[in-house]
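These are my notebook entries on one structure. I set down each point in the order in which I looked it up.

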Amino acid sequence: MSHLQASNLFSVKDRVVVITGGGSGLGRIMTKALDANEVSKIFILGRREDALQETISQSINGTVIPIICDITSKKSLEEAYKAVAAQTTHIDLLIANSGIMGPSMKPPQPAADGSLPPLSQIRDKLFSVPMDEFNKVLNVNVTGSYYTILAFLPLLEAANKRRPAPRAGVVGAPTAQVIITSSVAGYARNVSFSFAFNASKSATTQLVKILSTSFAYYSIRVNGLSPGLYYSDMATHVFQDASIPGQAIEDGSFPREMIPATRGGSEGDMGGLIVWLASNSGGYINGNILVTDGGRISIVPASY
Ligand SMILES: NC(=O)c1ccc[n+]([C@@H]2O[C@H](COP(=O)([O-])OP(=O)(O)OC[C@H]3O[C@@H](n4cnc5c(N)ncnc54)[C@H](OP(=O)(O)O)[C@@H]3O)[C@@H](O)[C@H]2O)c1
């Protein structure tokens, strides 16, 4: 068999993975894809036991292990780390995926006739959002992701220590990797979800950069994913606001001026991406942020 066949290039066999937010949405898709491709174990972290169990029931190979964890608590992260460390000697991949949208804090948009709401109205609406609500978004998306990564560093380092000594002419197995789920909202000034969410995802994107540089000396790779629109609990209201019914994964579901691919992201889009990043052929990727948005940030107008 050629080393260039897909089964070799994209093998994730026997990898050990930890993912936060594995009980729903993108985390559930990534879990199902990695399980289906025969990772050894995938630990899914989240606060809701029933959500984690639902992911397990949708996974086919029995590799998924639930761990209750609140990523905004260092104590909870320490306990999750101990629970994982009791069941594996190492982890090859940590996916810091948990996140929240927080309260609606959209920038003002001109009406169809071009008129703008009075600034005082905008100010009152935005100022009425408690600071705690704004901070909560930063706390989960940025601080929580950061402490999740710190918590699991010893098990990532342990994965690197298991790598065989280099052999002439042979490409070694990928080094340990962290993947952080960011968002296209972190780049685009005209993807108007919420001031707190957009700011948090810019910070998350920056975390990918600074952590990939910092941990390069330890052979721990750090990459990021920036999804556009995938149907999930968090994204439901975006679909509803744009009057898009269902999961909208068929061509023509979205107007081209909103998403050039004319559809939302699918399980295959996200599943394929995570399997590739986790696989042998993803081993040369470090410090990257991969945008998976059907072309959305290239084109989205301010009204969306
Ligand atoms: N869907 C999209 O179109 C899209 C686009 C861009 C970026 N993203 C990003 O993708 C990631 C996953 O979001 P999603 O779309 O899949 O939405 P989702 O279904 O709402 O998933 C969010 C997950 O985060 C977990 N979570 C929230 N707070 C947590 C906490 N304090 N501790 C531990 N886990 C926590 C939730 O689990 P529990 O409630 O059980 O704790 C849940 O499983 C997020 O980072 C999001 O910003 C999504």
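**Entry 1. Strand 5.** I looked up strand 5 in this predicted model and found both of its faces covered. Gln177, Ile179 and Thr181 are buried on one side, and Val178 and Ile180 are buried on the other. Five of the five residues of strand 5 are thus buried, so the strand is largely enclosed by the rest of the structure. In a regular strand the side chains alternate between the two faces of the sheet.

I then turned to the pairing partners. Strand 4 pairs with strand 5 in the parallel sense over four bridges, and I noted Ile179 of strand 5 as the bridge partner of Ile95. With strand 6, strand 5 pairs over five bridges, again in the parallel sense. Here I found Thr181 opposite Leu225 of strand 6.

**Entry 2. The whole sheet.** I next asked in what order the strands of the sheet are arranged. The sheet is open and is formed by seven strands in the order 3-2-1-4-5-6-7, with parallel pairing. Its edges are strand 3 and strand 7 (289–292), each of which pairs on one side only. Direction ignored, I read an average turn of 20° between neighbouring strands of this sheet.

At one edge, I recorded four bridges between strand 6 (residues 221–227) and strand 7, which run parallel. I noted Thr292 in strand 7 as the bridge partner of Pro227.

I also looked up helices that pack on the sheet. Helix 2 does so, touching strand 1 (16–20), strand 2, strand 3, strand 4 (93–96), strand 5 (177–181) and strand 6. The direction of helix 2 makes about 170° with that of strand 1. Helix 4 (residues 74–85) packs on the sheet as well, where I found it touching strand 1, strand 2 and strand 3. The direction of helix 4 makes about 150° with that of strand 3.

**Entry 3. Helix 3.** Which residues of helix 3 (residues 49–57) are buried? I found Ala51, Leu52 and Thr55 buried. Seen down the axis of helix 3, the buried residues fall within an arc of 100°, so they line one face of the helix. Asp50 and Ser57, on the other side of helix 3, are exposed. For the cover over the buried residues, I listed helix 2 (25–36), strand 2 (41–46) and strand 3 (64–68) among the elements included.

**Entry 4. Thr31.** I went on to Thr31, which lies in helix 2. Is Thr31 buried or exposed? Thr31 has a relative accessible area of 0%, so I entered it as buried. Not counting residues up to four places away in sequence, Thr31 touches Ile19, Gly22, Ile42, Ile44, Thr55, Ser59 and Val64. One of these contacts, Thr55, is a buried residue of helix 3.

**Entry 5. Leu207.** I located Leu207 in helix 7 (residues 195–215). At a relative accessible area of 11%, Leu207 is buried, because the cut-off for that class is under 20%. Leaving aside neighbours within four places in sequence, I found Leu207 in contact with Val142, Tyr146, Ile180 and Ser212. Among these, Ile180 belongs to strand 5, where it is buried. I also checked Leu207 against Gln53: the two are 154 residues apart in sequence and 30 Å apart in space, C-alpha to C-alpha.

**Entry 6. Two positive phi values.** I looked up Ala248 and found its phi near 60°, a positive value in a residue other than glycine. Ala248 sits in the loop between helix 8 (236–241) and helix 9 (267–278), and at 3% relative accessibility it counts as buried. Thr262 is also placed in the loop between helix 8 and helix 9. Its phi is near 60°, a positive value in a residue other than glycine. I entered Thr262 as buried, with a relative accessible area of 10%.

**Entry 7. The ligand.** How many residues surround the ligand? I recorded 29, of which the closest are Ser24, Leu26, Arg47, Tyr230 and Ser232. An N or O atom in the side chain of Ser232 is 2.6 Å from an oxygen atom of the ligand. For Lys201, I noted a polar side-chain atom 2.9 Å from an oxygen atom of the ligand. From Ile71, a backbone N or O atom lies 2.9 Å from a nitrogen atom of the ligand.

Note on methods
Residues numbered from 1 in each chain as written. Predicted model: local features only at pLDDT ≥ 70, side-chain atom pairs only at ≥ 80, totals over all residues. Heavy atoms only, no water. Buried < 20%, exposed > 50% of the residue type's maximum accessible area, 1.4 Å probe, protein only. Arc of directions from axis to C-beta. Contact = heavy atoms within 4.5 Å. Pairing = 2+ DSSP bridges. Axes fitted to C-alpha atoms, helices over the stretch in contact; angles between N-to-C directions. Near = heavy atom within 4 Å. Polar contact = N/O pair within 3.5 Å; in protein donor to acceptor, adjacent residues only side chain to side chain.
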